[in-house]
Amino acid sequence: MQQKKKKSGLQRENILEAAAWLFKRKSYVRTSLDEVASRAGIKKATIFYYFSSKEHLLHEVLCECAKRGLERHRSSYDPYAAPQESLAKVIKGHLIFNIRDGFGGISTFEQKNLSPGLRKSYTALRDEYEQFFREVVQKAMAAGQMRQGNPQLQARLILGMVNSVSHWFKPSLPLSIEDVGDEICKLILLASETDNNSQ
C-alpha cells in the first residue's frame, strides 16, 4: 500500500512538472492536455485521476511554484545577516528560482487564467511570500541600506522588475543570471561605507 501511494505521488509530481514546463514555454492557453500527457509519458485520462480539469492543474502548478519559492527563501534566509546582505540574497535567489527552477516564473503571467475561487486560494500563498519579501525590504530600509519609501510598494516594484527578467534572459547572453542579479542589487541597494571608501 505504501509503495502504491509513493508511485501515485511520483506520477502526480511528474504531471505537474510536465505542465509547468509547457506553461512556462508555451503559456497555459496554448498548451493542451494532450501535450501535457505526451511530455509526462502517460495517457491523457490519467491526468483526470489527479486533477479534475486543466484549470485545476494550473492551480496546482501555481501553488507549487509559490510553495517552492517560499521554502527556498525561508531555508536560506539568515536573520543574523546584515539587512542589505539578506535582501541581496533574497533578490538573487528569486531571480535564479524564476529562471532555473521548472516551476519558477509561471505565476506572474498565468494567475489571470484562474477562476475567482481558485485564484483566491493561490493568492493566499502568493501573499505569504510577498509578506516575507516585504519584511526583508523593511529591515534594509530601517537600517538605511536602501532608499526610504513605502515598503509594500517597493517590494512589489522589486519583484516586478525581477519577474520581468524571464521575458528576455537567455543563457547565451554574455551576462550570467548571477551578473543580472548583481546589477539589480546595484539599482536597489545603497553602497555601504566600505564600498564608498574603496572608490
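**Asking how we know**

Modeller: Confidence in this protein is lowest in helix 10 (residues 193–198), with a mean of 40, and highest in helix 2 (residues 33–40), at 97. The score is pLDDT, the predictor's confidence in each residue, from 0 to 100. A helix here is a DSSP run of H or I with at least four residues, while a strand is a run of E with at least two; both are numbered from the N terminus.

Biologist: What is the mean pLDDT of the protein?

Modeller: The mean is 87, and 92% of the residues reach 70 or more. This is a predicted model, in which local features need pLDDT of at least 70, side-chain atom pairs count only at pLDDT 80 or more, and totals for chains, interfaces and linings use all residues. Residues are numbered from 1 along each chain as its sequence is written, and side-chain values use heavy atoms, leaving out hydrogens and water.

Biologist: What makes R68 and E13 a salt bridge?

Modeller: A salt bridge needs a side-chain nitrogen of Lys or Arg within 4 Å of a carboxyl oxygen of Asp or Glu. The closest N and O atoms of R68 and E13 are 2.7 Å apart, so the pair qualifies. It links distant parts of the chain, with R68 in helix 4 (residues 54–76) and E13 in helix 1 (residues 2–26), 55 residues apart.

Biologist: Why is R68 called partly exposed?

Modeller: Buried means under 20% relative accessible area, exposed means over 50%, and partly exposed lies in between (1.4 Å probe, protein chains only). R68 has 22%, so it counts as partly exposed. E13 is partly exposed too, at 23%.

Biologist: Which residues are linked with R68 in a network of salt bridges?

Modeller: The network links E13, E64, R68 and D101. Between D101 and R68, the closest N and O atoms are 3.5 Å apart. D101 sits in the loop between helix 5 (83–100) and helix 6 (107–110), 33 residues from R68 in helix 4.

Biologist: How many salt bridges does a search of the whole structure find?

Modeller: The search finds 13. Another of these joins D182 and K92, at 2.6 Å from N to O. D182 lies in helix 9 (residues 177–188) and K92 in helix 5, 90 residues apart.

Biologist: How do you know that the span of helix 9 agrees with its 12 residues?

Modeller: The expected span is 1.5 Å times one less than the number of residues. That gives 16 Å for helix 9, and its end C-alpha atoms are 17 Å apart, which agrees.

Biologist: Which residues of helix 9 are buried, and where are they around the axis?

Modeller: The buried ones are I177, V180, G181, I184, C185 and I188. They cover an arc of only 140° (taken from the directions from the helix axis to the C-beta atoms), so they are on the same side of helix 9. Helix 5 and helix 8 (151–168) are among the elements that cover them.

Biologist: How many disulfides does the search find?

Modeller: There are zero disulfides, a disulfide being a pair of cysteine sulfur atoms within 2.5 Å. For C63, the nearest cysteine sulfur, that of C65, is 9.7 Å away.

Biologist: Why is the sulfur of C185 in no bond with the closest cysteine sulfur?

Modeller: The closest cysteine sulfur, in C65, is 20 Å from that of C185, which is too far for a bond. C185 counts as buried, at 7% relative accessibility.

Notes
Contact means heavy atoms within 4.5 Å.
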